[in-house]
Amino acid sequence: MQKITVLGATGSIGTSTLSVVEANPQQFEVTALAANTNVEKMTRLCLHWRPRFAAMADENAALELAQALKTKGLNTEVLAGEQGLCTLASLAEVDMVMAAVVGAAGLMPTMAAVKAGKRVLLANKEALVMSGQFFIDAVYQYGAELLPIDSEHNAIFQCLPQVVQANPGRCDLSAAGVSKILLTGSGGPFRYREPETLHTVSVAEAVAHPNWSMGPKISVDSATMMNKGLEYIEARWLFNARADQLEVVIHPQSVIHSMVQMSDGSVLAQLGTPDMCTPIAHAMAYPSRVTTSVAPLDFTQVGEFTFMAPDARRYPCLSLAIEACQQGQAATTTLNAANEQAVDAFLKGQIGFMDIARINEAVLSQSTLRSPSSLDCLLELDRMARITAKEHIAKVAK
């Protein structure tokens, strides 16, 4: 019986994780659940799963949850704040941690799981986008096991030789016979829309992803393809890939989740119905396989597969992310922070859709990108980038 902490339990990844647990009750047990502010959903989850521990990042929400559970007669211990999440990520009795807190807020709890030597199911892109080499070094220092959850990175992982799987962040792709990683993306809801019209995009249009069910922030990132840019950066660290070993390809059907091109000309691909239960179940059970509710592909009904190169006019955020990846850790941390602030402003109706890329570019160009010497330096870079982003948002706010 493997015991699990789910960070981000009320989100889409958390929901899918609990679905996998429900389908395999003899193999997995929920020990702790953590979320941000959704007390109502967290209360329902605690009543269903009866975890020993729960935590809310928002302290007022933690007080509400504690009172709600007490009223229901449930003795789950409720913790609060970032430290509460870090505590649940490092519980001695827990075997694995689903790191699915969205954004920079997930960095420290994910790092806590690494330092506790857990099997870390990494759904939080920002842990690698922000802390990169520091994060990989910590995985080896503390003996943690790192398994990717993003459908693309999990697909790549499944296609790679075992020697690469066993050495995240320190593998030698060329020595293992890998020539290129092909990172696929759907292109979001605007892949066929004229770039000149994107300034009129509404919030409702941006969050309406054609293939996946995701939260609003990630949905907007998919529409701008910043999500793919962050995944590009994440792949660079996960697979120790050079720029010439990474390529982004738009695949609108989202059936091929990513591909690996080998030095002999072979291309290996991982396919499946667009459902996050598949990569989650793979990582939870690795190297074994477990049952999920996901229907297998019916190749007679799939239809045609199409591919295209991303258009820089339509997806300037993707270009910014790839450029930042080549610039280094300071640039990727700065870009991530700016993007979180810009997307939040867009979702609140303060700026236009194409202003997201403009603000990201302005913050990057204005920042002093010195190579960080510690995690504290990265957190300070993150803080300063957010201040600069807010200043630019104020200038263009509607």
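Contact here means heavy atoms within 4.5 Å. The model is predicted.

Q: Which residues does R50 touch, not counting residues up to four places away in sequence?
A: R50 sits in the loop between helix 2 (39-49) and strand 3. Contact requires heavy atoms within 4.5 Å. Not counting residues up to four places away in sequence, the residues that R50 touches are L45, L74 and T76.

Q: Is R50 buried or exposed?
A: The cut-off for exposed is over 50% relative accessible area. R50 has 53% relative accessibility, so R50 counts as exposed.

Q: What distance separates the C-alpha atoms of R50 and T76?
A: R50 touches T76. Along the chain, R50 and T76 are 26 residues apart. Their C-alpha atoms are separated by 6.9 Å.

Q: What is the strand order in the open sheet of seven strands?
A: Strands of a sheet pair through backbone hydrogen bonds, either parallel or antiparallel. In this open sheet of seven strands the pairing is parallel. The order is 4-3-2-1-5-6-7.

Q: Why is one side of strand 4 and of strand 7 left without a neighbour in the sheet?
A: Strand 4 (77-80) and strand 7 (145-148) each have a single partner strand. One side of each is therefore left without a neighbour, because both stand at the edges.

Q: What is the average twist from one strand to the next in this sheet?
A: The sheet is open, with seven strands in parallel pairing. From one strand to the next, the twist averages 20 degrees.

Q: Which residue in strand 4 stands opposite A55?
A: Strand 3 (residues 53-56) pairs with strand 4 in the parallel sense. Four bridges join the two. Opposite A55 in strand 4 stands L79.

Q: At what angle does helix 3 run to strand 4?
A: Helix 3 covers residues 59-71. It lies across strand 3 and strand 4. Its angle to strand 4 is about 170 degrees.

Q: Which strands does helix 5 touch?
A: Helix 5 (residues 107-115) packs on the sheet. Its direction makes about 150 degrees with that of strand 6. The strands it touches are strand 1 (2-7), strand 5 (96-99) and strand 6 (119-122).

Q: Are helix 4 and helix 5 roughly parallel or roughly antiparallel?
A: The axes of helix 4 (residues 81-89) and helix 5 come within 8 Å. They cross at roughly 25 degrees. Angles under 35 degrees count as roughly parallel. That makes helix 4, relative to helix 5, roughly parallel.

Q: Which residues in helix 5 do E82, L85, C86 and A89 meet?
A: Helix 4 passes helix 5 in a right-handed crossing. From helix 4, the residues in contact are E82, L85, C86 and A89. They meet, in helix 5, M108, P109, A112 and A113.

Q: Which residues touch the most other members of the largest nonpolar core?
A: In soluble globular proteins, nonpolar side chains tend to be buried together. The largest core here has 93 residues. Its largest share, nine residues, comes from helix 15 (residues 329-347). The residues touching the most other members are F135, F353 and I356.

Q: How many residues does the other core hold?
A: Another core lies apart from the largest one. Its members include L45, W49, A54 and A100. Its size is 41 residues.

Q: Is Q329 buried or exposed?
A: Q329 lies in helix 15. Its contacts include W237, P372 and L378. Buried means under 20% relative accessible area. With 11%, Q329 is buried.

Q: How many residues of strand 10 are buried?
A: Strand 10 covers residues 256-262. Strand 10 is mostly covered. Of its seven residues, the buried ones number six.

Q: Which residue in the turn between strand 10 and strand 11 has a positive phi?
A: Five bridges join strand 10 to strand 11 (residues 267-271), which run antiparallel. The two form a hairpin with four residues between them. The phi in question is about 100 degrees and belongs to G265.

Q: Which residue in strand 9 stands opposite I181?
A: Strand 8 and strand 9 pair in the parallel sense over five bridges. Strand 9 (residues 246-250) is largely enclosed by the rest of the structure, because four of its five residues are buried. Opposite I181 in strand 9 stands L246.

Definitions and conventions: Residues are numbered from 1 along each chain as its sequence is written. This is a predicted model: local features need pLDDT of at least 70, side-chain atom pairs count only at pLDDT 80 or more; totals for chains, interfaces and linings use all residues. Side-chain values use heavy atoms; hydrogens and water are left out. Two strands pair if DSSP finds at least two bridges between them. Axes are lines fitted to C-alpha atoms, for helices over the stretch in contact, and angles run from 0 to 180 degrees between N-to-C directions. A nonpolar core is a set of buried Ala, Val, Leu, Ile, Met, Phe, Trp, Tyr and Cys residues joined through side-chain atoms within 4.5 Å. Buried means under 20% relative accessible area, exposed over 50%, partly exposed in between (1.4 Å probe, protein chains only). Angles under 35 degrees count as roughly parallel, over 145 as roughly antiparallel, 65 to 115 as roughly perpendicular and the rest as oblique. A crossing is left-handed if the near helix is turned anticlockwise from the far one by less than a right angle, and right-handed if clockwise.
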